[in-house]
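Open the model in your viewer and keep the sequence panel beside it. The stops below go from the whole chain to a helix, a cavity and a single side chain.

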Amino acid sequence: MAASHAEPFDTADAVLDRLRPNRTEIARLEADNLAWACTWADLHPGEALLDTVPGSEQLARLGGHGCPEVAEFCVAELGTALGTSTHAARSYLAEALELRHRLPRLWHRVQSGHTVAWKARLVARQTMTLPNAGAAYVDERLAHKASRLAPRQIDVLVNEARLRFDPEQAEADRIKAAEQRHVTITHGPNGIAYADAIVDTAVAIDLETALARAAAKIDTQDSLDVRRSIALGHLAHGDAGREIVIHLHDQHVGLLETTGQPLLVTQVEQWCREAGTTVTVKPVIYLNQHLQTDSYHPTERLQRQTQLKIQHCAAPWCTRPARRCDTDHTLPYEQGGTTCACNLVPLCRWHHRMKTHTRWTYHRIAPTTFLWRTPHNGWVVVDHTGTWEP
């Protein structure tokens, strides 16, 4: 078997000899990227924005106190260069600025090749809410050993700095943490969903106990993890019943309205057999049917057709579901653009603002394909497969 550059490696030592210098080169390139990201921020200072109005580009402080403000929309084109979403680019730039301005020792270690960038970024991500003295405390103690520490050890040191240098904020954080309790359900394919939650420790213990007891009563050959999942479903189902709304495309495939996920009719049949389940089947919305209204606002049916055709925000790298987006007229309504699926596009609120108030533009080159032009004359294509450069 041949490796890259058509160089054969037939011994373990030869493979390791190639991996070691590659690791060093990757670390150097990642350090360079952090430095270039900071230069990008320097080229887009927030102070250059004058007389901002509501909805237009605003100042954004990325990183902790003392980091420079930048023009908020600059992160979008940085994301296209990095091949990441706008949100990921914003986080990346914040971490880079935090390192350069508030963790100078750790920044130097990264730039000199003694600490890998991803570990330094992990530190920066957690120190942004510390006062300057707390960040300096972490920087002094971590700079020469960050590469050897596990994430949990970094957590402990950052928490210690918060208690030492900002006890009032630490108490406020404890109270705020309770306000951040949540349960988030992310729907995936094949009738499976993913649950993430933050709860009180006491609640977590109660839930653990209830799942253990319920799982023990499930008489199947499934693994313990599967039985715990089934037990959680029993606890959730309770006596409240269940209502499912489905758009049926044909006799084999439907679309679950709540999640926008396709599913097999056999899955629907399984849900129907469970007690307390109500299933509503809605009429098919033909995606190729031309729906139009004279009004600026689309009808409910037209809105749904648009969301089914383009299921996510049409901006580069954005994955926000269409049902949670604004509906943008490709050709503005006031310029004669029609309110029909061929001229409507889902854009999340952030990217809608960016398109409205900056030099970002896009053209529809196919029913579900969009060519975006960045302020610096870059070109990005967004279609059903994702985001790519032409």
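A residue counts as buried when its relative accessible area is under 20%. By that cut-off, 36% of the 390 residues of the chain are buried. Keep in mind throughout that this is a predicted model.

**Whole chain**

Show the chain as a cartoon. It has 13 helices and 16 strands. Switch to a surface: about 23,400 Å² is exposed, and carbon and sulfur atoms supply 55% of that area. Among contacts between residues at least 6 apart in sequence, 51% join residues at least 24 apart.

**Helix α2**

Select residues 74–82, which make up α2. Seven of the nine residues of this helix are buried, so α2 is largely enclosed by the rest of the structure. To see them, colour Cys74, Val75, Ala76, Glu77, Leu78, Gly79 and Thr80. What covers these buried residues? Add α1 (12–43), β2 (69–71), α3, α13 and β15 (379–383) to the view; the cover includes these elements. Then step past the end of α2 to glycine 83, which follows the helix and has a positive phi, near 75°.

**The cavity**

How many cavities of 30 Å³ or more does a search of the whole structure find? There is one. The largest cavity holds about 50 Å³ of space. To locate it, select its lining: Ala76, Gly79, Thr80, Thr84, Ser85, Thr86, Pro316, Trp317, His351, Met354 and Trp360. Two helices, α2 and α13 (349–357), each supply at least two residues of this lining. The largest share, three residues, comes from α2. Ala76, Gly79 and Thr80 therefore appear twice on this tour, as buried residues of α2 and in the cavity lining, with buried meaning under 20% relative accessible area. Colour the lining by residue type: five residues are nonpolar, six are polar and none is charged.

**Glutamate 95**

Next select α3, residues 86–102, and find glutamate 95 within it. Is this residue buried or exposed? Glutamate 95 is buried, with a relative accessible area of 3%. Show side chains here and add arginine 125: the side chains of glutamate 95 and arginine 125 make a polar contact at 2.9 Å. Finally, display Arg121, Ala124 and Met128 as well. Together with Arg125, these are the residues in contact with glutamate 95 once its neighbours within four places in sequence are left aside.

How values were computed:
Residues numbered from 1 in each chain as written. Predicted model: local features only at pLDDT ≥ 70, side-chain atom pairs only at ≥ 80, totals over all residues. Heavy atoms only, no water. Helix = DSSP H or I, 4+ residues; strand = E, 2+ residues; numbered from the N terminus. Buried < 20%, exposed > 50% of the residue type's maximum accessible area, 1.4 Å probe, protein only. Polar contact = N/O pair within 3.5 Å; in protein donor to acceptor, adjacent residues only side chain to side chain. Contact = heavy atoms within 4.5 Å. 1 Å grid on protein atoms, 1.4 Å probe; cavity = no way out; pocket = protein on both sides within 12 Å on 5 of 7 lines; lining within 4 Å. Points joined across faces, edges and corners; volume = space filled by probe spheres on them. Nonpolar A, V, L, I, M, F, W, Y, C, P; charged D, E, K, R; others polar. Areas by Shrake-Rupley, 256 points an atom, 1.4 Å probe, with all protein chains shown as cover.
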